[in-house]
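Reader: I should like to learn how to read the features of a protein model. May we go through them one by one?

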Amino acid sequence: MPLKNLRGRVAFIFTEEDFDVDQIVGVKNIKITDINELAAAAMTSYDPEFATQVKPGDILVGAGNFGYGHPHYPPMRAMRHLGITGVIAESFSPGYWRGEVSMGFPQVSCPGILTLVERWDEIEVDWEAGVVRNLTKGTELPFEPLAAGDEQMLEAGGLVPYLKRTTPMQGERKDH
Amino acid sequence: MGYTITEKILARAAGVPGARAGDELMAKPDFVLAYDFPGYTDVYFKSMKEDFGIDRVAEPERFAIFIDHMVPATTPKEEELHIGTRSWCKENNVPLFERKGIGHQVAAEVGYATPGAFVVHFDGHISQLGTFGTLAIGMRRNVLEAFVREKVSIKVPHTVRVNLSGELTPGVMARDVFHHLVRTMGPSSCRFQVLEIGGPALKTLSTEGLQTITGLAMFTGAITAIVNPDEDRLAYALPRARKQLEPVFSDPDAHYAAVYDIDLNGLEPVLVIPPTPSNTRNLSDYLGLEINTGYLGSCASGRLEDLRIAAQILQGRQVKEGFMLNVIPTSQEIMAAAGREGLISILAEAGAFVSSPSCDYCFGRIATMTDKQRAVSTGTLNVRGRMGSPDSEIYLCNAAVVAAAAIEGQLADPRKYL
């Protein structure tokens with residue numbers, strides 16, 4: 001089952017290199033588990049209107065080494081709750097990348113993305129063609145292909161469904 | 001073309017004759033390690049049973065669990081988590097190391113730093129086993145894969161080679177070397193790659209110092225760090241090793257994605273200013289900055305050489321009134337050795353609060369700071385809120401700088417006390 005293309009607007013561009021995603025909800029909110037509370041806290045220090053402007057399908061854009069530090073899961077949980085379907089960045093920090101791909105949350109490493117898009121441009125990630133398209137401006141850029149393991153995990157919708165698909169239940173294994 | 005130590009270890013673990021950077025393999029970890037933490041181990045244990053029907057792990061000797069966070073427990077809920085961990089380990093016959101110290105250090109002490117082995121954990125600081133020629137990777141939640149099946153999928157990483165030359169002067173430590181690497185190479189210089197440390201300076205760096213450097217590798221973007229182990233490191237690791245493996249080494253003509261030559265001559269003590277581990281500065285530019293508290297410990301620093309230099313500086317002196325100095329040796333083995341050397345009494349007499357090994361000072365569960373307070377710390381990280389209020393500040397530095405700051409209540413150059 002191939003990955004479904006992402007298509008939506010650029011909801012926000014994090015231009016800071018080595019961006020610490022915990023800042024999205026703020027460190028003081030990192031331990032909140034209620035998803036509505038988390039989503040309400042998200043982005044308030046960057047754009048107070050964010051939650052009301054974002055639409056399902058929107059995409060985030062980041063700079064180099066996005067997710068550096070000790071990234072936690074709540075910030076992107078909040079973003080998914082608000083309808084964000086993926087992140088495209090110049091490059092990613094490995095810990096963040098692994099963590100979010102294991103949540104089934106698409107991450108796209110696309111050198112040059114900051115020059116390709118402006119906020120609120122309509123864009124598309126075409127997995128098969130391997131490009132990010134700026135539909136507003138009519139331009140495009142290739143992105144770095146996913147490792148097969150990452151692609152399978154995203155297709156499955158995250159770590160647990162991926163492992164379930166590829167690992168028989170132990171009880172079943174005994175029958176073979 | 002030759003192979004890197006990383007390519008050799010992964011090829012063996014995957015059961016293939018050779019592996020090159022970029023290959024995607026299924027590799028069998030020699031050891032699967034974890035510490036108990038809410039939302040991690042408790043979730044894996046439940047998922048193993050409910051999602052995968054695993055009542056008992058096969059080959060329990062491949063697994064080990066550490067109880068090093070929330071030690072001692074301060075709420076019934078924390079103790080409940082530990083009870084769950086103890087009973088899972090007992091049911092599964094999996095070794096459990098509790099109250100022995102910080103797991104990444106204890107793992108080396110009890111033989112999981114087997115030279116040539118492939119080890120996985122969810123926490124990236126396990127990279128410090130690389131000191132002994134072990135390939136140890138923090139996979140975050142993906143480590144569940146290693147709990148539910150024999151092999152994990154892995155893309156063989158490229159390697160960035162760093163050749164260290166020169167020699168450190170007194171008061172300049174491995175901690176400074178690592179942060180100097182981040183400053184020189186950049187916080188994304190080794191992204192998704194392995195940081196391989198080599199060069200003539202390795203002979204003069206202590207094994208403990210190398211554990212500091214390899215343990216912090218993630219802040220260069222690396223997925224782990226590794227060293228071709230020399231005689232001293234093999235002499236430590238081989239007698240303790242839990243598995244008989246032939247140590248492996250990078251071939252002289254191995255391919256590296258990049259090579260850096262870094263000279264340690266003339267290196268001064270550095271300071272990492274908040275709020276990110278990428279902010280390396282010269283300590284000399286910040287002398288005199290008021291500091292309220294100091295933390296000497298963590299899986300990164302808090303070993304004997306750190307305690308020794310702090311004791312040397314604090315011997316016959318006093319921690320400044322109102323300054324809170326916490327000294328937490330990294331493991332029980334280290335604490336006992338420090339006791340035998342008399343270091344613990346020197347530190348206590350100087351006014352340090354000395355406590356048993358625990359991860360809790362490093363991630364801010366104990367001794368948390370309030371707004372506007374400032375710490376010097378040998379912990380792993382200085383992001384906002386790591387040690388308390390998001391409006392407190394953490395300055396990372398070596399153990400000697402912590403001791404000097406404790407005497408003066410401000411950032412000070414430790415070399416005048418040596």
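Author: We begin with a term: helices and strands are DSSP runs, numbered from the N terminus. Please keep in mind that this is a predicted model. With that term, one can place Pro275(B), which lies in the loop between strand 12 (270-272) and strand 13 (280-282) of chain B.

Reader: Which kind of peptide bond joins Pro274(B) and Pro275(B)?

Author: Pro274(B) and Pro275(B) are joined by a cis peptide bond, with omega about 5°. Another cis bond runs from Val71(B) to Pro72(B), where omega is near -5°. Pro72(B) is found in the loop between strand 3 (63-67) and helix 3 (76-92) of chain B.

Reader: How should I read the backbone angle phi, and what is phi of Met43(A)?

Author: One looks at the sign of the angle and at the kind of residue. Met43(A) is not a glycine, yet its phi is positive, near 70°. Met43(A) lies in the loop between helix 1 (35-41) and helix 2 (50-53) of chain A, and it is buried, with a relative accessible area of 0%. Arg140(B), again not a glycine, has a positive phi of about 50°. Its place is in the loop between strand 6 and helix 5 (144-148) of chain B, and at 13% relative accessibility Arg140(B) counts as buried.

Reader: In which sense do strand 5 and strand 6 of chain B pair?

Author: Two strands pair if DSSP finds at least two bridges between them. Strand 5 and strand 6 (residues 135-138) of chain B pair in the parallel sense, over 4 bridges; here the bridge partner of Phe118(B) is Leu135(B). Strand 5 of chain B also pairs with strand 2 (residues 31-35) of chain B, in the parallel sense over 2 bridges. In that pairing, Phe31(B) has Val119(B) as its bridge partner. An antiparallel case is offered by strand 1 and strand 7 (residues 152-155) of chain B, which pair over 4 bridges. There, the bridge partner of Met26(B) is Ser153(B).

Reader: Are the side chains of strand 5 of chain B buried or exposed?

Author: One examines the two faces of a strand separately. From strand 5 (residues 118-121) of chain B, Phe118(B) and Val120(B) point one way, while Val119(B) and His121(B) point the other way, and all are buried. Strand 1 (residues 24-27) of chain B has a covered face, formed by Leu25(B) and Ala27(B), and an uncovered one, formed by Glu24(B) and Met26(B).

Reader: Which residues touch the most other members of the largest nonpolar core?

Author: They are Phe118(B) and Phe147(B), in a core of 114 residues. Apart from that core lies another, of 42 residues, among them Ile291(B), Ile309(B), Leu343(B) and Val401(B).

Reader: How many aromatic pairs are there over all chains?

Author: The count is 29 aromatic pairs. To read one, consider the distance between ring centres and the angle between planes. For Phe19(A) and Tyr46(A), the centres are 6.1 Å apart and the planes stand at 75°, so the pair is edge-to-face. Phe19(A) lies in the loop between strand 1 (6-14) and helix 1 of chain A, and Tyr46(A) in the loop between helix 1 and helix 2 of chain A, so the pair ties together parts that are 27 residues apart in sequence. Phe19(A) counts as buried at 1% relative accessibility, whereas Tyr46(A) counts as partly exposed at 32%. The rings of Phe63(B) and Phe147(B) have centres 5.5 Å apart and planes at 45°, so this pair is tilted. The pair links distant parts of the chain, with Phe63(B) in strand 3 and Phe147(B) in helix 5 of chain B, 84 residues apart. Both Phe63(B) and Phe147(B) are buried.

Reader: What sits over the ring of Tyr73(A)?

Author: The charged end of Arg141(B) does, 3.7 Å from the centre of the ring. Similarly, the charged end of Arg20(B) sits over the ring of Tyr3(B), 3.9 Å from its centre.

Reader: How many disulfides does a search of the whole structure find, and why is Cys359(B) not bonded to Cys299(B)?

Author: The search finds 0 disulfides over all chains. A disulfide needs two cysteine sulfur atoms within 2.5 Å. The closest cysteine sulfur to that of Cys359(B) is in Cys299(B), at 7.0 Å, which is too far for a bond. For Cys397(B), the closest cysteine sulfur is in Cys362(B), 13 Å away and likewise too far.

Notes: Residues numbered from 1 in each chain as written. Chains lettered and ligands numbered in written order. Predicted model: local features only at pLDDT ≥ 70, side-chain atom pairs only at ≥ 80, totals over all residues. Heavy atoms only, no water. Buried < 20%, exposed > 50% of the residue type's maximum accessible area, 1.4 Å probe, protein only. Core = buried A, V, L, I, M, F, W, Y, C linked by side-chain atoms within 4.5 Å. Phe/Tyr/Trp six-rings, centres within 6.5 Å; stacked < 30°, edge-to-face > 60°. Lys NZ or Arg CZ within 6 Å of the ring centre and 35° of its normal.
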